[in-house]
Amino acid sequence: MLKIGIIGVGTVGTSVCQILEDNKDIITARAGVELVPVAGVVNNLSKKRDVSIKITDNPDDILNDDSIDIVVELMGGVEGAYNVVKKALQKGKAVVTANKALLAYHRYELQDIAGDTPFEFEAAVAGGIPIISALREGLGANHIESIKGIINGTCNYMLDKMINEGVDYDTILKEAQDLGYAEADPSFDVGGFDAAHKLLIMASIAYGIDAKPEDILIEGIENVSPEDISFAKEFGYALKLLGIAKTRGDKVELRVHAVLIPTSEMLAKVDGVMNAVSVVGDKVGETLYYGPGAGGDATASAVIANIIDIARKGKGKGSPMLGFKTSLESGLHLADKGDIETKYYLRLHVEDKPGVLSKVTTILGNRNISIKNMVQNSVDETSANLLLSTHTCSEKDIKEALEIFETENLVLSKPAMIRIEE
Ligand SMILES: NC(=O)c1ccc[n+]([C@@H]2O[C@H](COP(=O)([O-])OP(=O)(O)OC[C@H]3O[C@@H](n4cnc5c(N)ncnc54)[C@H](OP(=O)(O)O)[C@@H]3O)[C@@H](O)[C@H]2O)c1
């Protein structure tokens, strides 16, 4: 028998206890040993719990209990969780966590502390989708050329409703909050930070990149307008928030932002709260992983998969070579935040008068930015929105052109820019 202590018995922790009970027979058969949750830790002891384990409010009750083999960290947050996980590993307990924020900041330190002690985190990225094991094991023979993920269900749900039902941003944000998809403070989701944490974890497995959220480009979906959506529809694009990791020469671009992608691509068809990750390996080509990125049971499914794996291998026989490693590929390094080459969509609110269009095209042309599609929509009697997409160019040139549009008062309001991935 292996004894499990669960630090954080909320949505996921409760599901972990229930599934270990509901599916005890198959889990025991697969693990080769009975997996028994024996104790849990919570903040508020007076809340009613749907679990039958002993509940306390002191993590040390689990961390100092030598009979507990595996600690499951499901309390969330960064520093409190770090202290708990660190102590558990130092005491030689195997650890399973679903905490992407913790890993976004402390994954390399914790991997070092773990050494040979199992330290697993499948549920931290894309909830129930086994993307970590796919990257670590299934795709082990490949150089990873790119990872593109719809890894925040809240944003995907909101964009889906905005595009397919014409619902405006504020209305759909409120609906997402009422449905429990978005937090009361939704900035973590809609600002792209949650997706960035998950992207950093995947990039560490694929490339050994020890970057922190502050080191990479993170933008959210707050500035997407109905006009951007109309343009996307007119020119055959879907609008998604993607976490993108891709190699260019000896650089790895890591970025999270709204993206226009052709509707023919598989990721474009992922709607609602579902998650999907496309991984391109140099030998296998494109592979796609799709499923629920959140929810108690789906996330607990991934947590328990890690526990079963630990039980099978035997505690003390961890797999550090499959954890976070630096310099997996010699010479590969993180590209600067602004060092991006892609295609762009621009929305420019300009005066509707002769000469403006030619000034815009000259400023773009001077920076080798060529236009692919353009539409002009009247805003009122004197002004119009120019909506245009470009061929591939550098982000530095686009940002410079946008700045000149503003300093030369060519635009009447701040220009909008969305990157295109195709
Ligand atoms: N929910 C999902 O769909 C999902 C998906 C993927 C990953 N995750 C990750 O899984 C983790 C847990 O998420 P969740 O949705 O289950 O969160 P949750 O429902 O808020 O549960 C958190 C639990 O931790 C307890 N807790 C919080 N701070 C504590 C502290 N300082 N000391 C002791 N106990 C503490 C809470 O106690 P009380 O019950 O007393 O408040 C609660 O039981 C997070 O890292 C999250 O990012 C969640």
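These legends accompany close-up views of a predicted model.

**View 1. Three domains along the chain.**
The domain assignment divides the chain into domain 1, domain 2 and domain 3. Domain 1 is built from two segments, 2–129 and 296–322. Domain 2 covers 133–292. Domain 3 covers 341–420. The centres of domain 1 and domain 3, taken over C-alpha atoms, are separated by 51 Å.

**View 2. The aromatic pair Phe119 and Phe121.**
The structure holds 4 aromatic pairs. One of them joins phenylalanine 119 to phenylalanine 121. The centre-to-centre distance is 6.1 Å, and the planes meet at 55 degrees. The pair is tilted. Phenylalanine 119 has a relative accessibility of 4% and counts as buried. For phenylalanine 121 the value is 1%, and this residue is buried too.

**View 3. The aromatic pair Phe231 and Phe235.**
The ring centres of phenylalanine 231 and phenylalanine 235 lie 4.6 Å apart. Their planes stand at 40 degrees, so this pair is tilted. Phenylalanine 231 counts as buried, because its relative accessibility is 1% and the cut-off is under 20%. Phenylalanine 235 reaches 26% and counts as partly exposed. Both residues belong to one aromatic cluster with Tyr345.

**View 4. Strand β7 and its two partners.**
Strand β7 spans residues 144–150. Of its 7 residues, 6 are buried, so the strand is largely enclosed by the rest of the structure. Strand β11 (residues 274–281) runs antiparallel to β7 and is joined to it by 6 bridges. Here glycine 149 stands opposite valine 277 of β11. Strand β9 (residues 237–248) also pairs with β7 in antiparallel fashion, through 4 bridges. Isoleucine 147 has alanine 245 in β9 as its bridge partner.

**View 5. Alanine 126, a buried loop residue with positive phi.**
Alanine 126 is not a glycine, yet its phi is positive, at about 60 degrees. The residue sits in the loop between β6 (119–120) and α6 (131–138). Is alanine 126 buried or exposed? Its relative accessibility is 0%, so alanine 126 counts as buried.

**View 6. Asparagine 368, an exposed loop residue with positive phi.**
Asparagine 368 has a positive phi of about 60 degrees, although this residue is not a glycine. Its place is the loop between α13 (356–365) and β15 (371–378). The relative accessible area of asparagine 368 is 70%. This residue counts as exposed, because the cut-off for that class is over 50%.

**View 7. Cysteine 155 and cysteine 393, in a structure with 0 disulfides.**
How many disulfides does a search of the whole structure find? The search finds 0. Cysteine 155 is buried, with a relative accessibility of 0%. Cysteine 393 has a relative accessibility of 6% and also counts as buried.

Key: Residues are numbered from 1 along each chain as its sequence is written. This is a predicted model: local features need pLDDT of at least 70, side-chain atom pairs count only at pLDDT 80 or more; totals for chains, interfaces and linings use all residues. Side-chain values use heavy atoms; hydrogens and water are left out. Rings of Phe, Tyr and Trp (its six-membered ring) pair if their centres lie within 6.5 Å; planes under 30 degrees apart count as stacked, over 60 as edge-to-face and the rest as tilted. Buried means under 20% relative accessible area, exposed over 50%, partly exposed in between (1.4 Å probe, protein chains only). Helices (H or I, at least four residues) and strands (E, at least two) are DSSP runs, numbered from the N terminus. Two strands pair if DSSP finds at least two bridges between them. Domain bounds come from an automatic or database domain assignment. A disulfide is a pair of cysteine sulfur atoms within 2.5 Å.
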